[in-house]
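Student: Could you take me through one part of this model slowly, and tell me what pairs with what there? I would like one connected explanation rather than a list.

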Amino acid sequence: MPEISLALGGGGIKGIAHIGVLNVLERTGIKVRAVAGTSAGGIIGAAFSSGLGSDRIKEIILKMDQKSLFQRGKNEGPAILGLAGLTNLLTEVLGDRLISDLQIPFACTAVDLDAGQEIILTQGRVVDAILATVAVPGVFPPKLWNGHTLVDGGVLDPVPIALARWLAPKLPVVAVFLSPPPENWRELAPIELPINAPIPQPILERISRLRISQAIRIFGESYDISTRMLGELRVQMDHPDVLIRPDVKEFGIVDQVNPEILIQRGISAAERAVPDIMKSCSWKNRIPRYFLQVSPPGKILEPHDEDETKQDQAS
């Protein structure tokens, strides 16, 4: 039976395409023995590692209220949008489960703003780890974790290939990258942050023309370009055994979407990759991995202190 370690990259709402990839892996009998996730990949990866199959995850996604995901909650940190809706959904699905309780070994990435280094989250509450890995700087509030200020793992590692290899060094790494090749970047959807407020359209249009609004848009697009290029460099440097790129370029990271379309894009990309995955699991390609010496690609953080966890839940 073919076995792999899976690296799921970030991409906001485009991460729904990961469900389609998981569906193909399940249907073709490819066993996922470890999952590494960054940002949106952390959400889907954690749900899958908890024992939820792709069909159940799809069911949850189809029922969720996309408009409420990014509402601001009480005492959230500085950010344009909030994560109150997402937090409620994650808590409903995963509860207080710990990463160590998950059925499949799982880890996700974050970045410590104070130390300026990549962080690996392998312990503590699953929901807390997810809220750290999805915290896009300035867009979503940072996550406090034992005195560390954590933001989106995509700042340094948009596709956690090295982390997936560290979790299961003897297995091939299959990476899912939600960004198109650089030659297709012109076709990407523009960044537009949703404004959940009852403001008339003429006023919204005036706000969008303000200098500060235009400056935020320019910064956001520049950050997105940097993240995509960093992802390309990490793919070249960390070299996954198989790279899957679902065609989701027309979707923005916080768009209102039809999940069925994104899931189908993931299915189509994964089906094309199945022969390469099978080849990567062959004896010929398996032997070199037995001689690999793999180190964790970042600092491993201890879980929350109990008092801090309670304080986060109360807020």
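Tutor: In this predicted model, W145 has H148 of strand β6 as its bridge partner, and that pair is a good place to begin. Strands β5 (residues 143-145) and β6 are paired over three bridges, running in the antiparallel sense. Together β5 and β6 form a hairpin with two residues between the strands, and in this hairpin N146 takes a positive phi near 50°.

From the hairpin we can turn to another partner of β6, namely strand β3 (residues 106-112), which is antiparallel to β6 and joined to it by three bridges. Here D112 is the residue that stands opposite L150 of β6. As you follow the strands by eye, it helps to remember that in a regular strand the side chains alternate between the two faces of the sheet.

Having seen the partners of β6, we can ask how many residues of strand β6 (residues 148-152) are buried. Buried here means a relative accessible area under 20%, and five of the five residues of β6 are buried, so the strand is largely enclosed by the rest of the structure.

For a single residue elsewhere that is also buried, look at I16, whose relative accessible area is 4%, and which lies in the loop between β1 (3-8) and α1 (17-27). Leaving aside neighbours within four places in sequence, I16 is in contact with I61, M64, V257, P259, L262 and I263. The C-alpha atom of I16 is also 9.2 Å from that of I261, although these two residues are 245 residues apart along the chain.

How values were computed
Residues numbered from 1 in each chain as written. Predicted model: local features only at pLDDT ≥ 70, side-chain atom pairs only at ≥ 80, totals over all residues. Heavy atoms only, no water. Helix = DSSP H or I, 4+ residues; strand = E, 2+ residues; numbered from the N terminus. Buried < 20%, exposed > 50% of the residue type's maximum accessible area, 1.4 Å probe, protein only. Contact = heavy atoms within 4.5 Å. Pairing = 2+ DSSP bridges.
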